[in-house]
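User: Please take a close look at one part of this predicted model. I want the packing of one helix pair, then its setting in the chain.

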Amino acid sequence: MLSAQQQSTGDRPWLDPAAKPQIVIENVVKTFGAFTAVDGVDLRIYKGEMFALVGASGCGKTTLLRMLAGFAAPSSGRILIEDADMSGVPPHERPVNMMFQSYALFPHMTVEQNVGYGLRRIREDAAVKAKRVTEALDMVELGPLARRKPHQLSGGQRQRVALARALIRRPKVLLLDEPLSALDKKLREQTQFELMNIQYRVGITFVFVTHDQDEAMALSTRIAVMNHGQVQQVGAPADIYEFPRNRFVADFVGTTNLFEGEVDHSEAGFTTLNCAQTGTALVADDPGRHARGQRVWLAVRPEKIKLTKEPVSGTRMNQLRGMVWELGYLGNRSTYRIKLDCGKIVTVFAQNERRSSQWAIDWSDEVYLSWTAESAVLLLE
Ligand SMILES: Nc1ncnc2c1ncn2[C@@H]1O[C@H](COP(=O)(O)OP(=O)(O)OP(=O)(O)O)[C@@H](O)[C@H]1O
Ligand SMILES: [Mg+2]
């Protein structure tokens with residue numbers, strides 16, 4: 001029997017203070033001349049994690065992976081993998097393999113030759129190597145295509161060849177730089193699940209970079225959100241989404257509406273702020289107590305806002321009035337852009353429950369937006 005503590009942290013080792021991280025990144029800095037690309041990053045990554053690095057272009061994601069792989073050395077700080085300090089350890093001696101942003105396959109080689117290339121530095125009998133190639137191809141379900149050349153494969157199949165080539169050395173950690181970016185949306189979603197299955201089967205830790213937030217949300221155990229070389233927040237996808245630490249994270253991950261204001265009063269459990277722009281008081285659940293007059297931001301996700309034609313009442317309910325400014329029909333849901341009386345635009349997602357409803361909210365309708373204190377987050381920076 002597992003104890004409650006073990007049960008709750010078994011698949012979330014980062015919550016267990018006794019769990020040992022597999023990768024420790026300690027205050028790592030990387031400078032290029034006067035420019036700081038990675039600025040004091042601290043991360044602990046656990047065995048078997050599917051760890052996502054997200055952030056805008058140029059924020060240092062690839063540079064961080066390259067330092068893990070050993071292709072670049074930190075200017076200061078340390079990287080440990082399974083307790084071993086990686087300083088001065090060359091790439092091929094690290095228990096790590098990297099799949100690059102543009103995973104060039106050799107066009108003149110077959111699928112199996114491309115995969116076998118991953119073993120070129122390994123001293124083994126040809127027969128043993130051939131067996132490992134077969135295993136790696138089976139892992140990504142490409143056995144039947146072993147004799148094809150890259151140009152005879154789909155984008156997703158090519159991506160799996162690159163993955164097999166990276167896995168064949170049996171690394172303990174696989175670093176993937178935008179593994180799915182070359183694929184179209186449909187194929188990407190399908191390949192995401194394949195990648196998850198493969199990772200589950202091989203039990204290797206994956207650290208991957210993605211531009212696609214949905215991909216990070218769908219695939220990862222945890223996400224690190226980076227900005228200008230620094231980690232802004234690390235957490236499980238739901239934590240990052242529901243409890244962003246600051247405006248950058250709230251805005252970068254998913255869509256959010258931000259209202260700037262000053263604290264009017266703050267009690268244990270909730271805070272009321274005066275929002276000068278909307279000219280109203282707003283309320284958000286918050287565990288802290290904040291000084292009157294402190295500048296804060298209330299963040300509310302578009303799916304947490306309810307649209308009605310009549311005002312609604314309730315305790316600790318936020319309510320604003322506006323007009324439907326734009327309406328996008330996305331099949332299963334609609335995106336409304338509501339213009340408030342003050343001119344601010346608020347985004348609202350509404351599920352389309354009925355095919356067409358006589359009560360539906362349409363262009364130019366006057367509407368009320370409401371959301372509870374509980375569905376809002378108070379941000380201090
Ligand atoms: N060898 C280098 N010399 C000088 N500057 C570099 C070098 N490598 C990277 N940089 C700079 O460091 C910053 C971080 O680059 P990096 O490639 O890590 O970004 P990234 O987060 O991977 O971006 P993208 O999402 O576009 O791939 C960028 O501003 C880049 O121009
Ligand atoms: Mg990059």
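Analyst: What follows covers the helix pair, then the ligand shell and the two domains.

The model is predicted. Start with the pair itself. Helix α5 spans residues 155–167, and helix α6 spans residues 185–202. Their axes come within 11 Å. They cross at roughly 20°. Angles under 35 degrees count as roughly parallel, so α5 is roughly parallel to α6. The crossing of α5 past α6 is right-handed.

Now the residues that make this contact. From α5 come Gly155, Gly156, Gln159, Leu163 and Leu167. From α6 come Leu187, Gln190, Thr191, Ile198 and Val202. By class, the contact of α5 with α6 holds five nonpolar and five polar residues. Charged residues are absent from the contact of α5 with α6.

Next, the ligand. Around ligand 1 sit Phe32, Phe35, Ala37, Gly55, Ser57, Gly58, Cys59, Gly60, Lys61, Thr62 and Thr63. Two or more residues of this shell come from each of β2 (35–45) and α2 (61–69). The largest share belongs to α2, with three residues. The shell around ligand 1 divides into six polar, four nonpolar and one charged.

Last, the whole chain. It is divided into domain 1, residues 19–250, and domain 2, residues 255–379. The centres of domain 1 and domain 2, taken over C-alpha atoms, are 39 Å apart. Five residues of domain 1 and six residues of domain 2 take part in their contact. On the domain 1 side that touches domain 2, three residues are nonpolar, one is polar and one is charged.

Key. Residues numbered from 1 in each chain as written. Chains lettered and ligands numbered in written order. Predicted model: local features only at pLDDT ≥ 70, side-chain atom pairs only at ≥ 80, totals over all residues. Axes fitted to C-alpha atoms, helices over the stretch in contact; angles between N-to-C directions. Helix = DSSP H or I, 4+ residues; strand = E, 2+ residues; numbered from the N terminus. Parallel < 35°, antiparallel > 145°, perpendicular 65-115°, else oblique. Left-handed = near helix turned anticlockwise from the far one by under 90°. Contact = placed C-beta atoms within 7 Å. Nonpolar A, V, L, I, M, F, W, Y, C, P; charged D, E, K, R; others polar. Near = placed C-beta within 6 Å. Domains from an automatic or database assignment.
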